[in-house]
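Me: I am new to this structure and would like a close look at a single part of it. Please take one stretch of the chain slowly, and then set it beside other places for context.

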Amino acid sequence: MLDKVDGYLSKKVEESITDGQKKIWSELLNLHSLKHWHQFSQSVVNLLKNEELSKGLDMEDFWNSVILTYKATLAPYSVAVIARYVAHAIFDRVGKKEAYAFLDDLIKYYQSDVTAVIRLMTTKIEFYVKKGGLPDEGEPKPYEYIAQVLELVETCPGKTDVLSWYYLSLMEFYRQTRDYTQFYRSIINYLNVADSSSFTNAENIQLYSYCMCEAAILSPDIYDLGECLNHPIHEKAINLATENRWIHTFVRCFVTGDLVSFNDSGYKSRPIFNASSELLERKIRLCAALQLASTSPTTTIPYDAFVSVCSIPLNDVEYLLMKAVSKKLIKGKIDEVGKVFNLEWIKPRCLGKEHLGTLHTKYADWRNTVCNLKNEYNINLGELRESSVIAPEV
């Protein structure tokens, strides 16, 4: 068994064209001879993910000649990572049926190792993105399969590598299907679990920052854009590119419900936003209504306030409020006679520095009011005691 693998690796050393290829194959040969399996598997991964070093490599032959021999020796998760490259090669050569069969055999073999299973199932999600990867009759639909994987993902918190690959695959899938809500949630989750070293590349920082903002804006279900606005990745991105600065400012329009800045942003010059202009106009008005509700000094808000802040006719106020209530953004009672909205609840939102400043001011005003009442009570306490004394009967 050792001779067979040694012979394969030695042959690859001799066939190497570049110094880089010769170096990596020699390293693999040496680690294999020393039986340093962890380092060996890491070197294999480094080889496969480097297109220049792995150029011309027959993935299936490499799997059958080397990895298959040590399937029970190498760490299950390492084998799953290596299998991802092999599965893609099988998919490209003969199609998804054989690729799925290859992965299913490994999933069954490593069923007791949840991280390996998730990594292998994530590779199947990647196939949904590739041409011809959509399921046939009787196979799980993409969303059903993703839900199956999610059940396993929830059992292994903290496993950053396997989770980052999972969310990265979801990002690609939802980007292709234009599901902006799920794409936004995937990119947020990916940035939360991915290795921070992945964000040293300026191009990646700009891409993730822009895509996050774009998805948050175009999603018909996301009205709390505070999380997006205050994400730390934007701090670098807005200084790297004008487009990142523009879209970050555009997100701020929705967070503050600022229709003037929204209309002056020039968003219609961007085709993707111009195509969704009706959605964006409805969304900015709902955001403006939320901002009004959250900053109003009273819970009884007149219709005229919505007319002014949301730039809508008086007749459209009730429809706007019903829309906000139906989306569970606010709760309250619409007084059609008095032309007021009695606010009872507003959906919690992610607060940035500006909102926290407003909240601090409100708290300070409330504290001053309470202190003034306390002082007034102490001053009048003597009078209250005297007036409460009952004169004795004569």
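Reply: What follows begins with strand E2 and its surroundings and then turns to other parts of the chain. Please keep in mind throughout that this is a predicted model.

Strand E2 covers residues 330-335, and isoleucine 334 has its place there. Because its relative accessibility is 30%, isoleucine 334 counts as partly exposed. On the surface, Ile334 joins Tyr319 and Met322 in a nonpolar patch, and the accessible area of the three together is about 300 Å².

The loops on either side of this strand each hold a lysine that deserves attention. Between helix H19 (317-326) and E2 there is a loop in which lysine 328 is found, and this residue, although it is not a glycine, has a positive phi of about 60°. Lysine 328 has a relative accessible area of 61%, and therefore it is exposed. The loop between E2 and strand E3 (340-346) contains lysine 339, which is likewise not a glycine and has a positive phi of about 55°. With a relative accessible area of 38%, lysine 339 is partly exposed.

For context, consider residues that are buried. Serine 43, placed in helix H3 (residues 37-49), is buried because its relative accessible area is 4%, which falls under the 20% limit. When neighbours within four places in sequence are left aside, serine 43 is in contact with Ile24, Glu27, Leu28 and Leu31. Lysine 124, in helix H7 (residues 114-129), is also buried, with a relative accessible area of 11%. Not counting residues up to four places away in sequence, lysine 124 touches Tyr100, Leu103, Asp104 and Tyr145; of these, tyrosine 100 is 24 residues away along the chain, yet the two C-alpha atoms are separated by 7.3 Å.

The largest nonpolar core has 123 residues, among which Trp25, Phe250 and Phe273 touch the most other members. Helix H5 (residues 76-94) supplies the largest share of this core, with 11 residues. Once residues up to four places away in sequence are set aside, phenylalanine 273 touches a list of residues that includes Tyr210, Trp246, Phe250 and Tyr267.

Finally, the domain assignment of the protein gives domain 1 (1-97) and domain 2 (354-381), and the C-alpha centres of these two domains lie 69 Å apart.

How values were computed. Residues are numbered from 1 along each chain as its sequence is written. This is a predicted model: local features need pLDDT of at least 70, side-chain atom pairs count only at pLDDT 80 or more; totals for chains, interfaces and linings use all residues. Side-chain values use heavy atoms; hydrogens and water are left out. Patches are made of residues with over 30% relative accessible area and no salt bridge: like charges are joined within 9 Å, nonpolar side chains (Val, Leu, Ile, Met, Phe, Trp, Tyr) within 5 Å. Accessible areas come from the Shrake-Rupley method with a 1.4 Å probe; for residues, only the protein chains shown count as cover. A salt bridge is a side-chain nitrogen of Lys or Arg within 4 Å of a carboxyl oxygen of Asp or Glu. Helices (H or I, at least four residues) and strands (E, at least two) are DSSP runs, numbered from the N terminus. Buried means under 20% relative accessible area, exposed over 50%, partly exposed in between (1.4 Å probe, protein chains only). Contact means heavy atoms within 4.5 Å. Domain bounds come from an automatic or database domain assignment. A nonpolar core is a set of buried Ala, Val, Leu, Ile, Met, Phe, Trp, Tyr and Cys residues joined through side-chain atoms within 4.5 Å.
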